[in-house]
Amino acid sequence: MGRAIAYVTMVGDVVHPGNLNIINEAAKLGDVVVGLLTDKAIVSREHPPYLNFEQRMIIISSIKDVTKVIPQDDWCGEDNLRELKPKYVVHGDNWTSNSLSKVRDRTIEILSEWGGQVVDVPYTHGINSSVISTNRREFGTTPELRLQALRRLLAAKPLVRIMEVHSGISGLIVEHTEIEKEDGLHYFDGMWSSSLTDSTSKGKPDIEAVDLTTRLQDLTCILECTTKPVIYDGDTGGKPEHFVFTVRTLERNGISAVIIEDKTGLKKNSLFGTSVEQTLAPVEEFCNKIRAGKNAQITPHFMIIARLESLIAGHSVDEALERARAYIAAGADGIMIHSKEKSGMDIKEFCQRFRKEYANVPIVLVPTTYNQFTEKEFQEWGANIIIYANHMLRASYPAMVKVANCILENERSLEADSLCMPIKEILELIPDPK
Ligand code: SPV
Ligand code: MG
C-alpha cells in the first residue's frame, strides 16, 4: 500500500511561509496533493487572482514536497475529495472561525464517508494572503493587465457587477468598497464610464457634446487610482472613420470594452424613451461600424459590445433579436439590450430567446428602471454583465444640494458638519505615496 494522501487547497497567487508550513505539515502525514483553486472558484468568494491558473500551477508544482497539483473548481473540492478519498485534508486553523467554517464543516462531512480527517495546522500569524492581496492592489496595474481583466472575469464569474464612475474619487469608492457576506466577499468587478454622468458632471446634456479627449482626462484620473477593468460608453461610436481611432485610444489606455448604440442623428439619452426622437441606425451601417472597430483593435482582448436600442425606440423584441444576429455576424463580442420599461418583461423575453440561439455571447443589462430584480434573477435570465450606470453621480448630487441649502438656511456651516465627512477623514482618505 502506498502512502496516505494529504490534501491541501491553495489559491497559489501569493505564496508565503504560512502556506509552506501547511505543506510541510501535510508532507509529514502523506503524499501532498494540492487542489489548486481555479479562477472560477476564487472569484466566487474573493478578489480575482493576479496570476492566471497556468502561472499559479507552475509555482505550486515547483514546491518541494508537493506530489501533484490538480484543479479545484469549488472552495470545498468535493469532486476531488470523492475521487481521491484522501486520508487527511490539511488546512490553516483560521478556517475554524472565519467565513470558511461552513466549508470546513462540509469537508468533515465528506471525509467521514471513508474515515478521513481534517487536520487544522496552527495559523502562522502576521502573514496572510488577503492582506498581501489588498496591498498588492495598491501597486496598481498595467494597461495590458487591465485590458484583459474583463474577459478573464467573464470566463470566471457567472455575473460581472459593474458600477458607474465619473471621477477619481468615485473610482476609489468602486475600487475599495466591499462587504463580507456568508458566501464570501462582495465587491464591484469593474467600472462603467458613462456618457450620461460624464456629461452631467461637466454641466452638459448627454448628446455626445463631450468629446473623447475631454472624457479621457477624467478617465485618466480614474485609471491612475484604480486597478479594475473599465467598460467605456461610446455612445453611437460616431462615424466609422472616427470610431477606429476611439477603439485604438481606448485599447491603448487599457480599457477592456466599448459599448456602442445603434442610434443615429442627434443622440439623446435612452431613458427619455420615445418622449424624444430616437432614430435607429440602418442595420448595415451599424454593422460596418462594428467591422471597422474590430479591424482596428490591436489585441484579441479588447471587446466591442453592440447596444440594441430597439426597445428604447418603441420597436419589438423580434426587431431587437434580428439586429442582434446581424451585429454578432459583423463581429460584436457581446450584446447590450436596453429598455426603460419598468416591468422588465421585454428584457427578460429578449434574454431568454437570445440565450437559446447564442449560448456564449455575453449579454449586458443596465437595469436602471427595472431594478426590482436582483442580480441572481438577471443571471437566471441569462445575463452576464450588470451595469449600475449612474448611481455614484445620482447619489452625490442630492447630498451636495442638501448641504448648499443648509448653509444658506443657517448663514453658517456648523449645521452642515453632520452632513459632511469629517475634515480628518478627508485628509486621511488619500494618503501620501509611501
Ligand atoms: C449612460 O450611462 O450614459 C448610458 C446608460 O448610456 S443610459 O443612461 O441608461 O442610457
Ligand atoms: Mg450613455
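## Exercises on a predicted model

The axes of helix α11 (residues 240–252) and helix α12 (residues 283–296) come within 8 Å, crossing at roughly 35 degrees. The model is predicted.

**Exercise 1. Describe the packing of α11 against α12: its hand, its residues and their chemical make-up.**

Step 1. Start with the hand. α11 and α12 make a right-handed crossing.

Step 2. List the contacts. α11 contributes Pro 240, Phe 243, Val 244, Val 247 and Arg 248. Facing them in α12 are Lys 289, Ala 292, Gly 293 and Ala 296.

Step 3. Sort the contact residues by class. Six are nonpolar, one is polar and two are charged. Gly counts as polar, so Gly 293 is the polar one. Arg 248 and Lys 289 are the charged pair, because Arg and Lys count as charged.

**Exercise 2. Find the protein atoms that coordinate the magnesium ion (ligand 2), and place their residues in the chain.**

Step 1. Identify the donors. They are OG of Ser 195 and OD of Asp 233, at 2.1 to 2.2 Å.

Step 2. Locate the two residues. Ser 195 lies in helix α9 (residues 195–200), and Asp 233 in strand β10 (residues 230–233). They are 38 residues apart, so the pair links distant parts of the chain.

Step 3. Check burial. Ser 195 and Asp 233 are both buried.

**Exercise 3. Work out the surroundings of strand β6 (residues 160–165): its burial and its partners.**

Step 1. Count the buried residues. Six of the six in β6 are buried.

Step 2. Split them by face. Val 160, Ile 162 and Glu 164 take one side. Arg 161, Met 163 and Val 165 take the other. Both faces are covered.

Step 3. Name the partners. Strand β17 (residues 385–388) pairs with β6 in the parallel sense over four bridges. Strand β9 (residues 190–193) also pairs with β6, parallel and over four bridges.

Step 4. Fix the register at Ile 162. This residue stands opposite Ile 387 in β17 and opposite Gly 190 in β9.

**Exercise 4. Repeat the analysis for strand β14 (residues 303–308).**

Step 1. Count again. Six of the six residues of β14 are buried.

Step 2. Assign the faces. Met 303, Ile 305 and Arg 307 are on one side, with Ile 304, Ala 306 and Leu 308 on the other.

Step 3. Add the partners. Strand β11 (residues 257–261) runs parallel to β14, with five bridges. Strand β15 (residues 334–337) is also parallel to β14, joined by four bridges.

Step 4. Set the register. Ala 257 stands opposite Met 303. Ala 306 stands opposite Ile 335 in β15.

Methods
Residues numbered from 1 in each chain as written. Chains lettered and ligands numbered in written order. Predicted model: local features only at pLDDT ≥ 70, side-chain atom pairs only at ≥ 80, totals over all residues. Heavy atoms only, no water. Donors = N, O, S within 2.8 Å, 3.2 Å for Na, K, Ca; no water. Helix = DSSP H or I, 4+ residues; strand = E, 2+ residues; numbered from the N terminus. Buried < 20%, exposed > 50% of the residue type's maximum accessible area, 1.4 Å probe, protein only. Pairing = 2+ DSSP bridges. Axes fitted to C-alpha atoms, helices over the stretch in contact; angles between N-to-C directions. Left-handed = near helix turned anticlockwise from the far one by under 90°. Contact = heavy atoms within 4.5 Å.
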